[in-house]
Amino acid sequence: MTTPRSSATDPGTRLVAALVDRDFRQLARVLTADVCMRALIPPGLVEVSGAEAAAAKFSSWFGDAEELDLVRSGSDTVADRLHVFYQLRVKKPGDVSKIVEQHLLCEYDDHLVTALDLVCSGFRPDEAEAPQPVSRKRAAQSPRQIAQGSHAGPPDTEAFA
């Protein structure tokens with residue numbers, strides 16, 4: 001039987017907090033000893049069994065980060081499942097910051113996750129750190145202007161009439 005959740009007992013909130021703190025032992029404590037984890041990540045499906053193996057998988061993704069910042073997160077029920085999501089800004093050694101978002105649909109009981117299915121965006125370029133165009137004026141031009149070599153004036157609106 002699923003018991004009512006509070007912020008102190010919500011496994012989603014506790015999982016995200018442990019992940020952001022990179023406390024993978026605490027993350028394992030949010031999972032049952034025999035938890036089944038399936039993750040669809042680039043480049044494919046990953047399946048692990050057991051709390052320690054699941055925590056180790058999260059550690060392999062985030063444990064070596066120089067910086068790990070929570071951008072946003074949430075946790076709510078969907079009928080008898082728990083939906084957990086979080087978006088992280090991650091900077092690994094020698095790399096620029098990346099954004100990663102994961103969504104988990106979990107079975108849970110007694111404030112512990114018994115099974116989880118995860119889908120991951122992969123480590124995507126952080127637009128906050130993306131290089132800016134060399135010329136903002138050129139970036140604002142229409143593709144037709146760029147192709148014609150025009151560097152001034154408004155777009156040719158007659159072409160769209």
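Here is a friendly chat about a predicted model, in questions and answers.

Colleague: Which ground rules apply to this model?
Modeller: Residues are numbered from 1 along each chain as its sequence is written, and side-chain values use heavy atoms, with hydrogens and water left out. Because this is a predicted model, local features need pLDDT of at least 70 and side-chain atom pairs count only at pLDDT 80 or more, while totals for chains, interfaces and linings use all residues.

Colleague: Which residues of helix α1 are buried?
Modeller: Helices are DSSP runs of H or I with at least four residues, strands are runs of E with at least two, and both are numbered from the N terminus. Buried means under 20% relative accessible area, exposed over 50%, and partly exposed in between, with a 1.4 Å probe and protein chains only. In α1, residues 11–20, the buried ones are P11, G12, L15, V16, A18 and L19.

Colleague: Why do those residues sit on the same side of α1?
Modeller: The arc is taken from the directions from the helix axis to the C-beta atoms. An α-helix has 3.6 residues a turn, so residues three or four places apart point the same way. The buried residues of α1 lie on the same side because they cover an arc of only 165°.

Colleague: How many salt bridges are there?
Modeller: Side chains of opposite charge can pair when their charged atoms come close. A salt bridge here is a side-chain nitrogen of Lys or Arg within 4 Å of a carboxyl oxygen of Asp or Glu. By this rule the count is 7.

Colleague: What is the distance between the closest N and O atoms of D117 and R38?
Modeller: D117 belongs to strand β6 (residues 112–120) and R38 to strand β1, 79 residues apart. D117 is partly exposed at 26% relative accessibility, and R38 is partly exposed at 39%. Their salt bridge brings the closest N and O atoms to 2.7 Å.

Colleague: Is D126, which forms a salt bridge with R89, buried or exposed?
Modeller: The D126 and R89 side chains meet at 2.6 Å, N to O. D126 lies in the loop between β7 (124–125) and α4 (136–139) and R89 in strand β4, so the pair ties together parts 37 residues apart in sequence. R89 is partly exposed at 28% relative accessibility. D126, at 5%, counts as buried.

Colleague: How many disulfides does the structure hold?
Modeller: A disulfide is a pair of cysteine sulfur atoms within 2.5 Å. C36 is partly exposed at 35% relative accessibility, whereas C106 is buried at 1%. The number of disulfides is 0.
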